[in-house]
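Please look at the sequence and the model below before reading on. The paragraphs that follow go through it one region at a time.

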Amino acid sequence: MNSHAQQVLDKALKGPVFERRVKRRNAKDSAAKYGISFGGIGVILSVLLIMFFLLYVVLPLFVPATVEKHSEFDLPGGKTETSLYYGMDEYQETALRFTESGQLFGFDVSNGQPISKEALPLGEAQITSFSVVSEMNNVLAFGLSSGGVLIAKYDYDVSYPNDVRTITPKVVFPFGEEPISLAETSIERLSVKQNDSDLVLAYKLQGSERIAIKQFGIVESMLSDSLILEEGYSSEFESNTAVDWLLLDGSMRNLYVISKNGVTDYYDLSDLESPRLVQHVAMLKNEERLTTVRFLLGDYSLMLGTNQGNVLQWFPVRDSENNFSLQHIRDFKVGDAAIQTIAIEKARKGFVTTDTSGEFNLYHSTAERHLNSTQVTDGMAGFVTMANRANGALVETEDGRLVHYLIENHHPDVSVSSLWGKVWYEGYSEPDYVWQSSSASSDFEPKFSMTPLTFGTIKAAMYSMLFAVPIAVLAAIFTAFFMDKKTRQWIKPSVELIEALPTVILGFLAGLWLAPFMESNLPGFFSLIIIIPFGIIAFGLAWSKLPESIRLMLPVGRRAVLMIPVVIFLGWLSIQLSDPIENAFFNGDMRHWLTFTAGIDFDQRNAMVIGFAMGFALIPTIFSVTEDAIYNVPSYLVNGSLALGASGWQTLVGVVLPTASPGIFSAIMLGFGRGVGETMIVLMASGNTPLMNVNLFEGMRTLSANLAVEMPEAAVDSSHYRVLFLSGLVLFIFTFIFNTLAEVVRQRMRRKYGSL
C-alpha cells in the first residue's frame with residue numbers, strides 16, 4: 001500500500017468525521033436495539049393486558065355471595081300469631097306479614113315500625129289451609145273452615161309526598177271478597193293454580209280421605225273490570241296415602257300428594273274429569289322424614305326438606321315412550337339439623353333454607369352451588385322469604401324476632417360443573433351438555449355449558465383441516481420442488497391471492513349457494529373423493545404412454561398446468577354422476593335414505609359444508625408457509641442427494657421433507673389456529689346449533705361464532721355477558737397453549753433435523 005492510500009485510509013478511520021459517523025452508527029444501533037426490545041415487550045404486555053381484562057370480567061362469576069345483616073326487630077303483630085307468608089317490595093323498604101288468624105301487618109323493613117294493619121274478609125270463618133297461587137304475581141289462596149277459598153293478591157302503592165318515596169302495602173281480591181264456595185266443611189289441604197283463562201283448585205276436606213279437583217273459567221265482566229269465575233270440570237278420587245302436602249304444578253296437569261314419610265302419589269290431570277295415577281313412589285330412604293315441601297321457580301321441580309338436613313330435588317321426566325315419571329335429580333346436604341323452611345328466588349333457580357340450628361343457607365339448584373351461610377340465631381330459624389330481586393331476605397326466629405339480610409348474589413347460576421359437566425335440566429330426559437342462554441319465559445333455567453361450543457370449535461377446525469391440509473401441503477411440495485421457477489412465480493401468488501378474499505363472502509357463498517347445492521348433489525360430492533384421485537392417476541398413466549416427442553413438447557416443470565382442465569373435468573363428471581348414483585343406491589334421495597334408513601340426522605348447513613368452505617380459506621395460509629419451508633431447503637443438500645444417486649422422490653422424502661418439517665408443522669398449526677378462530681364462515685354456514693355430535697351431516701356452534709351472535713344481545717355485567725367473555729378467555733387460552741406446544745414441537749424438530 002503506497003503512502004497516499006495509507007493517508008486516505010487513516011483520514012477515513014480517524015478524525016472528527018469518523019467519530020461522528022461512529023456515533024451515528026451507535027445511535028442507530030441503540031435505537032434499533034431498544035425499539036425492537038420495546039416493541040417485543042409491548043406485544044407481550046398487550047397480550048397480558050388482554051388476558052387480565054378477560055380475567056377481570058370473568059372472575060366475578062365465581063365470587064361467592066355475601067349475606068349481611070341489615071336490621072333486627074320484634075315480629076310485627078307479635079309472636080303469638082303464626083306466620084303464613086311474607087311479601088316484600090322490590091326496594092326492601094316495606095313488607096307485609098300474613099298470619100294464620102287472617103291479619104295483615106304492613107311494616108318498615110329497616111326498623112319494624114308498623115305501617116298498616118288490616119284483616120282478610122273471612123267473616124266467621126277461620127283459615128285452615130294455605131297455598132301460593134303465583135309467587136311471581138303475588139297471588140295467595142286461603143282455605144277456610146267454612147269450606148270456601150279466598151284468593152288475595154298483595155301489592156304496593158308508591159307515592160312521592162314532599163319528594164320522598166313512600167311505599168304502602170295493599171291487598172286486593174281479584175275474584176271478589178266473597179270466598180269461592182267449595183264445600184260445607186273446612187278445607188284441610190289446598191293447592192291452587194291460575195293462568196289467563198283458568199283457575200284450578202285441588203283440596204281435601206277435614207275428616208275425608210278424598211281429594212277433589214275443581215276447575216273454573218275466568219271471564220272478564222262486560223260491565224266492569226272485575227273477573228268472574230264460571231264453574232267447569234270437577235272430579236274427586238280416594239287418596240292412597242296420607243295427605244300432608246297437596247301440590248298442583250304450574251301447568252295444572254300434575255298433582256302431587258305427599259306424606260311426611262316421603263311416599264308420593266303423582267297424578268296426571270290432563271283430563272280433569274278422570275285424574276290418572278301415574279306413579280306411587282317413595283322419595284326418602286332409611287328413617288328420613290319430610291319437614292317442608294315446595295316448588296322451585298316455575299312450579300316444576302319439587303324441593304323436599306328433611307329432618308336430617310337434606311334438600312332433595314325431584315321433577316317429572318319423560319321417557320322414550322313419552323311417559324312421565326318422578327325422578328330424583330340432585331341432593332343438597334345443608335347440615336345435620338332438620339330443615340325448617342325453604343324459600344325460592346323469584347327470578348332464578350335459587351333457594352334458601354333455614355333449619356332448627358338457626359342457620360340460613362343460600363343455594364342455586366341448577367349450578368349445584370352453595371353460595372353462603374350465616375347463623376341467624378342460637379335457637380331455631382323459622383319462616384324465611386326472599387326479596388323480589390333476590391337481594392335480601394326476611395327470617396323469623398323462634399324467640400319472636402325478624403331479621404332482615406341484604407344479599408349480593410349476582411351470578412349464582414354459573415359453576416364449574418354447570419359450565420363443563422352434564423346437567424339435568426328441567427324438562428330433559430337425562431343430563432346433557434346444553435347451551436341455551438335466553439328464553440321468553442321468566443322461569444327459564446339458563447344453560448351455559450361451554451362443552452358443546454368448545455367441541456364445535458374443534459369439530460369445525462378438524463373437518464376443515466381434513467380438507468385443507470392434504471391439498472395445501474401436497475400442492476406446496478409440488479410447487480416448491482418439482483415446478484420450474486417461471487411457473488412457480490405466478491402459481492404461488494395466485495394461490496396466496498385467495499387469502500385476500502373476505503371470509504364473510506366465503507361464508508355467504510357457502511351458506512346460500514354451496515349448502516343447498518351440496519344437499520341436492522350429495523352423492524356427487526362423495527364421488528369426488530374417489531373419482532378425482534383415480535382420474536389423476538389414470539391421466540398420468542396415459543400421459544406416460546404417449547410418444548416421447550409429444551411429452552417433451554411441454555417442460556417437466558410445467559406439466560402440472562395440464563392437470564387444471566383435467567381436475568375441472570373430473571369434478572364436473574362427479575357432479576353429473578350424482579343423480580345416477582342416487583337412483584341406483586339410495587332410492588333417488590340420499591338425504592331421505594340417510595335420515596330414515598341409516599338413522600343419521602341431516603342438516604343442510606353442516607360440518608361437511610364447513611369443511612369445504614373453511615378448508616378453502618385455510619389452503620393459502622398452509623400452502624404459503626409450507627412452500628417457503630420446502631423451497632428454502634439449502635440447494636447443496638438437494639444436489640448432494642442427487643449426486644449420490646438418489647431419485648427426485650427419494651431426495652424429497654429423505655432430505656427435503658425432514659429438513660422442512662419444522663416449517664411444514666408451523667404451517668399446519670397456523671392453519672389450525674386460524675380455523676379455531678374463524679368466525680364468519682361458521683357463523684353463516686354451520687347452522688349455529690350447539691350440538692355435541694361428530695356427525696358430518698350436522699352443524700355446530702363455535703366459540704367465536706357464539707360471541708359474534710350473542711354479545712350484542714347480552715346485558716352488560718349479567719351472567720350471560722360474563723360467560724361470553726369466559727368463552728373468549730377459553731379461546732385465548734386454548735390457542736395460547738396449543739401454539740406454545742406447537743412451538744415446542746417445532747423447536748425440537750429443528751434441533752433434530754438442523755444438522756442436515
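Which residue takes a positive phi in the hairpin of β12 and β13? The model is a predicted one, and in it the residue is Gly207, with a phi near 80 degrees. The hairpin has 4 residues between its two strands.

The two strands of this hairpin can be followed next. Strand β12 covers residues 198-205 and pairs with β13 in the antiparallel sense, over 7 bridges. One of the residues to find here is Tyr203, whose bridge partner in β13 is Ala212. Strand β13 also pairs with strand β14 (residues 227-238), again antiparallel, and 10 bridges join these two. Here Ile218 stands opposite Leu229 in β14. Strand β13 itself spans residues 210-220, and 8 of its 11 residues are buried, so the strand is largely enclosed by the rest of the structure. In a regular strand, side chains alternate between the two faces of the sheet.

Now turn to charged residues. Side chains of opposite charge can pair when their charged atoms come close. The model has 25 salt bridges. One of them is between Asp157 and Lys170, with the closest N and O atoms 3.1 Å apart. This pair links distant parts of the chain: Asp157 lies in strand β8 (residues 148-159) and Lys170 in strand β9 (residues 166-172), 13 residues apart. Asp157 has a relative accessible area of 39%, so it counts as partly exposed. Lys170, at 28%, is partly exposed too.

Other salt bridges have different surroundings. Lys333 and Asp336 form one with closest N and O atoms 3.9 Å apart, and Asp336 is exposed because its relative accessibility is 69%. Are the partners Glu710 and Arg701 buried or exposed? Both are buried, and their side chains meet in a salt bridge at 2.8 Å, N to O. In addition, Lys69, Glu72, Asp74 and Arg401 are joined into one network by salt bridges that share partners.

Last comes a helix. Helix α2 covers residues 15-58 and contains Arg20. Arg20 is partly exposed, because its relative accessibility is 45%. Together with Arg21, Arg24, Arg25 and Lys28, Arg20 gathers in a patch of positive charge on the surface. Leu45 is found in helix α2 as well. With a relative accessible area of 47%, Leu45 counts as partly exposed. Leu45 and Lys492 are 447 residues apart in sequence, and their C-alpha atoms are 36 Å apart in space.

Definitions and conventions. Residues numbered from 1 in each chain as written. Predicted model: local features only at pLDDT ≥ 70, side-chain atom pairs only at ≥ 80, totals over all residues. Heavy atoms only, no water. Patch = residues over 30% accessible without salt bridge, like charges linked within 9 Å, V, L, I, M, F, W, Y side chains within 5 Å. Areas by Shrake-Rupley, 256 points an atom, 1.4 Å probe, with all protein chains shown as cover. Salt bridge = Lys/Arg side-chain N within 4 Å of Asp/Glu carboxyl O. Lys, Arg positive; Asp, Glu negative; His and termini not counted. Charge placed at Lys NZ, Arg CZ, Asp CG, Glu CD. Buried < 20%, exposed > 50% of the residue type's maximum accessible area, 1.4 Å probe, protein only. Pairing = 2+ DSSP bridges.
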